[in-house]
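Work through these short exercises with the structure open beside you. Try each task before you read its solution.

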Amino acid sequence: MSKPVDNLDKIKQSLTRRNRAETRFRWYGRIAILIGLAAVIVLFTDIISKGHGAFRVTYIQLDVHYDQDIIGVANMTDPAQLADGNWDAVPKSALRSKFTDVSGRRDKRKLYALLSNGAGFDLKDRLVANPLLLGQTESIWILADDDIDTYYKTWLDGEPYAARMADNQMAWIEQLHNEGNIRLQFNSNLFTRGDSREPEQAGIRGAIMGSFFTLVLTLMLSFPIGVSAAIYLEEFAPKNRWTDFIEVNINNLAAVPSIIFGLLGLAIFINFFHVPRSVPVVGGLVLTLMTLPTIIITSRAAIKSVPPSIREAALGMGASKYQTVLHHVLPLALPGMLTGAIIGMAQALGETAPLLMIGMVAFIVDIPAGFTDPATVLPVQIFLWADSPERAFIEKTSAAIMVLLSFLIIMNTSAVWLRKRLERRW
Amino acid sequence: MTQRTILPALLLTVAAITATSAAMARDSIEVVGSSTVYPFSTVVAERYGRSSGKPTPKIESTGSGGGMKLFCSGVGTNYPDITNSSRRIKMSEFKKCQTNGVTDVIEVHIGYDGIVIANSVEAAPMQLSRKDIFLALAAEVPAAVEGELMDNPYQTWKDVNPALPDTAIEVMGPPPTSGTRDAFAELGLEGGCKKIGWIAALKKTNKSAYKALCHTIREDGKYIEAGENDNLIVQKLQANPAALGVFGFSFLDQNADRVQGAMIESVEPNFDSIADKSYPISRPLFFYVKKAHVGVVPGIKGYLNEFTSERAWGEDGYLAEKGMIPLPVKERRAMAQSTRSLTPMTGNEALK
């Protein structure tokens with residue numbers, strides 16, 4: 001027989017043990033969160049430290065003479081003359097008159113390599129916008145080549161990357177730097193241009209527009225279909241084996257690897273309906289298939305969370321089932337549905353795998369202007385740049401990841417905000 | 001719009017967009033095919049688009065085999081106009097093209113690409129022969145008795161060849177789906193394999209056994225499939241100076257401060273040695289054009305002219321700048337002429 005005092009002792013002893021267990025458990029939780037945070041911090045610092053350089057790009061200042069005879073254009077309004085014009089000669093002659101002592105074919109090639117090979121076309125665009133400049137001379141900043149850009153940035157940091165540079169090129173850059181004729185500027189090309197094989201000319205505008213058109217179509221299709229399906233299943237459908245079967249299937253679909261939807265899209269939309277490859281239409285259709293289950297499941301949860309008293313009150317006032325749902329349940333469930341839709345869209349925005357199958361992984365320079373223009377999307381653009389041999393694409397890749405992440409953060413925050421703002425609690 | 005019409009209206013809009021897109025004719029060129037040729041054809045496409053002011057060709061990297069399959073599926077704007085390839089078209093593919101109505105195919109040989117075996121600049125440079133490569137990486141190697149095989153027992157480079165360093169064999173390279181892997185097996189491994197007398201004799205008596213022996217890479221972890229991304233291999237080599245990596249020459253060219261190419265049979269992989277074919281592991285690059293689409297899809301002729309111009313594929317052209325090794329000048333001129341005159345393949349070429 002134990003005495004009551006002993007029992008109290010036992011409880012006291014176990015109390016310290018139980019307190020210790022609780023403290024330990026709290027610490028496990030903190031450590032788990034710390035590991036998660038550390039992973040996020042490592043990811044972000046890695047991406048930002050690699051990618052921040054891409055937001056600035058090297059420009060070189062030169063006196064450019066728009067010589068009518070060299071270009072071979074007399075009439076600035078004649079498109080045929082403009083197309084045949086020798087535009088590359090303009091930046092080349094500007095370089096030659098800047099560095100007059102350079103002679104010999106080999107050295108001249110090194111000299112011309114200072115500037116981006118799109119410089120001639122950029123000057124053409126400028127001249128077309130200001131035809132009066134023809135025959136004039138002006139001092140302007142011209143985009144430098146990506147090798148020069150990489151070298152100049154690393155040179156400023158004190159660890160020059162010179163593997164692709166010739167000695168005389170390094171000397172010219174030092175001269176330009178001392179004269180103040182070379183500098184880093186904000187890289188507006190990154191946000192205004194489509195893809196390019198030249199890192200200094202490459203931009204993500206094309207990919208952003210492609211993502212935009214694809215997502216608009218996805219939203220237009222998946223939201224109405226998903227919400228209708230959810231309302232029917234939740235409010236009208238009888239509860240029997242068939243609806244159970246459908247529910248299990250929808251949950252399964254949500255877990256199907258996304259590449260399968262790509263294969264499905266390839267077989268149905270491209271091979272059967274002959275929708276062209278690589279266009280936002282087919283991308284939007286495939287991503288609709290992928291996001292539908294997510295939207296149906298979240299919408300059903302939102303409808304379920306509307307208290308039955310609301311329905312009963314409406315029915316009690318003589319409203320029909322249809323009126324109850326449309327006038328009372330749906331408006332109250334809408335914030336939850338919207339949150340689900342935004343999360344579904346964010347998922348679709350970051351998706352690459354299904355798009356690989358339907359040709360949206362392509363080199364597309366022209367910025368898509370509609371649903372039927374060939375396009376690629378942001379994550380695919382990242383994938384393509386990560387695969388490119390040019391060194392300067394490494395920082396471009398990280399910069400594009402930063403843009404994609406900021407879109408995702410905006411979408412997810414707005415989902416949280418919408419929920420906080422609109423959700424009613426009972 | 002009332003609630004009654006909103007859903008059908010949305011769905012109708014989408015259906016209309018889809019239907020018009022399916023019925024529309026293409027106004028831009030569609031190119032598919034090899035991931036090795038992709039970096040070169042994209043540059044040409046971009047230059048062509050900017051200088052002509054016409055829509056820039058769309059280029060999809062599907063791999064040589066995948067591109068050929070799409071290309072040979074039929075004639076019409078639903079099928080690609082051009083396919084890139086890091087090997088010559090096969091007889092079976094050519095026949096498939098013919099049966100699907102793609103009768104006139106223009107073949108354009110554009111240049112060469114070298115495959116390099118590289119390691120980190122922090123390690124000592126390697127001196128390999130193709131025989132070393134075969135012995136180090138094949139699944140089965142000749143045993144002491146002639147005509148007999150054993151599972152590859154070699155653990156270090158020194159086991160393979162006493163002149164090589166005493167480091168464990170660790171090679172990162174592309175997976176079997178890659179054209180680079182096929183070419184590496186054919187030019188690197190098989191090149192070393194047939195140096196062994198009785199195996200070379202086997203080619204005549206039992207070709208499939210010969211091919212299985214010479215092309216099969218070991219799977220015991222010494223050869224690591226590092227995915228299709230060559231930048232990743234470069235990064236891994238930098239982190240691990242003991243390892244070697246297999247990738248295309250253009251990646252070596254761009255990362256010369258991080259990795260160095262191994263000399264193969266005392267030849268260093270560089271621009272000149274690949275161009276004059278003294279570097280043994282190099283392969284030809286091609287693209288194929290559907291003649292029936294010329295004039296139907298606008299711009300094909302302009303794209304061909306740009307690709308075969310000296311400023312593009314010449315020795316000082318912008319493709320050489322990107323790491324493509326140009327054809328010798330005579331071949332280049334002949335090829336440019338036959339391409340510009342749209343001369344199709346006759347079917348009598350010596351295809352495999």
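**Exercise 1.** Decide whether A:Ala254 is buried, partly exposed or exposed.

*Solution.* This is a predicted model. Start with the count: A:Ala254 has 15 other C-beta atoms within 10 Å. Next, recall the cut-offs: buried needs 20 or more, and exposed means 12 or fewer. The count of 15 lies in between, so A:Ala254 is partly exposed.

**Exercise 2.** Place A:Ala254 in its helix, then find what A:Ala254 touches beyond four places in sequence.

*Solution.* First, the helix: A:Ala254 belongs to α11 of chain A, residues 241–255. Second, the contacts: leaving out residues up to four places away, A:Ala254 touches A:Pro293, A:Thr294 and A:Ile297. Third, take one of these partners. A:Thr294 is 40 residues from A:Ala254 along the chain, yet their C-alpha atoms are 6.1 Å apart.

**Exercise 3.** Which residues touch the most other members of the largest nonpolar core?

*Solution.* The core has 146 residues. A:Val282, A:Leu378 and B:Tyr288 touch the most other members. Now a second core: it is separate, has 27 residues, and includes A:Val64 and A:Ile182. Keep the general trend in mind: in soluble globular proteins, nonpolar side chains tend to be buried together.

**Exercise 4.** Describe the contact between chain A and chain B.

*Solution.* Count each side: chain B gives 39 residues and chain A gives 37. On the chain B side, α1(B) gives the most, with nine residues. Sort that side by class: 14 nonpolar, 18 polar and seven charged residues. Finally, look at the strands. Two bridges join β4 of chain A to β2(B), and the strands run antiparallel. A:Ala362 stands opposite B:Glu60.

Key:
Residues are numbered from 1 along each chain as its sequence is written. Chains are lettered from A and ligands numbered from 1 in the order in which they are written. This is a predicted model: local features need pLDDT of at least 70, side-chain atom pairs count only at pLDDT 80 or more; totals for chains, interfaces and linings use all residues. Two residues are in contact if their C-beta atoms, placed from the backbone, lie within 7 Å. A nonpolar core is a set of buried Ala, Val, Leu, Ile, Met, Phe, Trp, Tyr and Cys residues joined through C-beta atoms within 7 Å. Ala, Val, Leu, Ile, Met, Phe, Trp, Tyr, Cys and Pro count as nonpolar, Asp, Glu, Lys and Arg as charged, and the others, Gly among them, as polar. Two strands pair if DSSP finds at least two bridges between them.
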